[in-house]
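Biologist: I would like to learn how to read a folded chain, one feature at a time. Please start wherever you like.

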Amino acid sequence: MKARAVQLWLLAGIASVLGFAEPARAYETEVEASIAAQYYTLSSPWGDPELRRRRYTETLGLSVWNIQGEDNPRGPRLSFQSRLRLDADFGQSSAERELRNPAYIPGLEQAPLDLMYAYLEGQRYLGGHLGFRLGRQYVFDTLGFWSFDGGLVTVTTPVNLLFEAYGGLEQRGGGLNWLSTRRFEAQGVYRGDRTGYDAAYYPLFLEESKVAPAAGVAVEAWGFGVLHSRLTYRKVINRDEVNISPFLDTGDGQFFLSGNRTSSERIGYSLRADSAKVGALNGSLVYDFYNQIFSQYAVSADAYLNSRVTVGASFDRYTPTFDGDSIFNWFSHSPTTSALGRAEVRFSRRFSATLSGGTRWFETEGYSSSYATDPDTAKTGRLFDVSLDGGARYDYGRGSLGVRGGGETGRRGHRLGGDITARRRFSNRYDGLCVVSLWDWSDALRRDRDATSFGYVLGGGVTPGPNFFARTRFGVELEHQMNRLVGQRFRALLTLDLTVLK
């Protein structure tokens, strides 16, 4: 942990020097830093085990604009964006990281440091038609939120068509790359560094020692009346050797699979029609080549009845998919479908309210109520839940008051409740927060888990400005939750946000 902390503070010092140094050219810099400290203890309803957490999350961001020199509003522009994150947890037990200890958790780190993004971006080159990014970056579209290390090139044509191509390595963690995280890998696979393991120890924890090549293309169109659409394709390759014998050796030995193979391969399309006077219509569709199914499709519509009233409806169907190496591909994974309606009313500039409701149903192979005696997977069972949620917000001068309530109920149980949130700025420097909540839930399969929970949050913040630190804030929040299952739970959150412009 000390080495990681030294690295982070060294990088912070470098960023600060860049932020404060007198610029030799026309570029501009911004340095952002944030620190959040959380302290909480969670006990099992049976008293043991007890989870202790002392989390410190720190981020450090550096942005540099106009690296190209003189800024021409219509000419090329070069910039650099980066952000680091340290997510340390000093509440962990050393036994959780001690190999072969009964409490050991494979891949657990006390203070992982990851580079969220760091890329050089060029815009409006070759007469305004070429753009590019080099480095670690995000892609966000119909296929989801994804990160990779590599390059992205965009070509914009005079006829409102954009062509995009990118390639590199999927960002993966588990000891494969320094400053990386597992957040962007496909689900269903547990990978990491198996140094010191024998083949029969934690066989489900797969070795990760090779990079995962990835590539994608996209075509975007806009400006055709009210339409905007995007067609995108992406494929990721697995190259690590995989243990395909996920159980302890019973005498037949362990079996492994190696070579290049598909991790994920999907294509997605989205279409939006938007009119400022009428409303908006959105649709999206994703096809998974590995599972050979439409894994997700959705449609939503909003109507602007007048300047104060908006009504809408949405339909979404999602089937979970997994990494090509995951054992979950051999099991059934059924879709979840939602159909919801909503409305938003702005009574005045200060007072607004929202209301939404609908149904969600979960499909199963066979009828869940009779599967034990009649396991007919040709039949499709459906379990329905209905939901209703509403809220209102009132802004007054330096503060606001919000109310939220509702819940979801069905054959398997319910979740009902609400909360009240009050915020107030007492001057240009001080602010306060108060939240009071009451929720009740039940589980039809485990009646002993029914409970009613009451909680509150008290918080405040200080902003030193207005001066050099005008965008800096220090905050404190104390949270207390209580119910009959876990008794009393406390959580403290300390935050510090700092921004320096040069």
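**Strands, turns and a core**

Modeller: Let's begin at a turn: strand 6 and strand 7 form a hairpin with 4 residues between them, and N160 in that turn has a positive phi of about 60°. A strand here is a DSSP run of E of at least two residues, a helice a run of H or I of at least four, both numbered from the N terminus. The model is predicted, so local features need pLDDT of at least 70 and side-chain atom pairs pLDDT 80 or more, while totals for chains, interfaces and linings use all residues. Residues are numbered from 1 along each chain as its sequence is written, and side-chain values use heavy atoms, leaving out hydrogens and water.

Biologist: How many bridges join strand 6 to strand 7?

Modeller: Two strands pair if DSSP finds at least two bridges between them. In this case strand 6 and strand 7 (residues 161-170) run antiparallel and are joined by 9 bridges. To find the register in the viewer, look for T156, which stands opposite L162 in strand 7.

Biologist: Which strand pairs with strand 6 over 12 bridges?

Modeller: That is strand 5 (residues 130-141), and the two run antiparallel. L134 stands opposite G151 in strand 6, and the hairpin between strand 5 and strand 6 has 2 residues in its turn. Strand 6 therefore has antiparallel bridges both to strand 5 and to strand 7.

Biologist: Now back to the turn. What should I make of the phi of N160?

Modeller: Most residues other than glycine have a negative phi. N160 has a positive phi, near 60°, and is not a glycine. You will find N160 in the loop between strand 6 and strand 7. Q292 offers another case, with a positive phi near 55°, in the loop between strand 15 and strand 16.

Biologist: Is Q292 buried or exposed?

Modeller: The labels follow relative accessible area with a 1.4 Å probe on protein chains only: buried is under 20%, exposed is over 50%, and partly exposed is in between. Q292 is exposed because its relative accessibility is 61%. N160, with a relative accessible area of 27%, is partly exposed. For the whole protein, 35% of the 502 residues count as buried.

Biologist: Let me try a residue inside a strand. Why does T154 count as buried?

Modeller: T154 counts as buried because its relative accessibility is 16%. T154 lies in strand 6. Leaving aside residues up to four places away in sequence, T154 touches H129, L130, G131, L162, F163 and E164; contact means heavy atoms within 4.5 Å.

Biologist: Which residues make up the largest nonpolar core?

Modeller: A nonpolar core is a set of buried Ala, Val, Leu, Ile, Met, Phe, Trp, Tyr and Cys residues joined through side-chain atoms within 4.5 Å. The largest core here has 9 residues: V139, W146, F148, L152, Y166, F184, A212, A214 and V236. Strand 6 (residues 144-156) gives the largest share of this core, 3 residues. Another core lies apart from it and has 6 residues, including L84, L86, A88 and A111.

Biologist: What does A214 touch?

Modeller: Beyond residues up to four places away in sequence, A214 is in contact with W146, G167, G168, E170, K235 and V236. A214 sits in strand 10 (residues 213-224) and counts as buried because its relative accessibility is 9%. A214 and E170 show how the chain folds back: they are 44 residues apart in sequence, yet their C-alpha atoms are 6.0 Å apart in space. V236 has its own list of contacts, with the same sequence neighbours set aside; among them are W146, E170, A212 and A214.

Biologist: How many strands are there in the protein?

Modeller: There are 26 strands, along with 1 helix. Further along the chain, strand 21 (residues 399-410) and strand 22 (residues 413-425) pair in the antiparallel sense over 12 bridges, with V403 opposite I420 and 2 residues between the strands of this hairpin. Strand 22 also pairs with strand 23 (residues 430-443), again antiparallel, over 13 bridges. T421 has V435 as its bridge partner in strand 23, and 4 residues join strand 22 to strand 23 in a hairpin.

Biologist: What share of the contacts between residues at least 6 apart in sequence joins residues at least 24 apart?

Modeller: In this protein the share is 51%. The pair A214 and E170, 44 residues apart in sequence, is a handy place to look.
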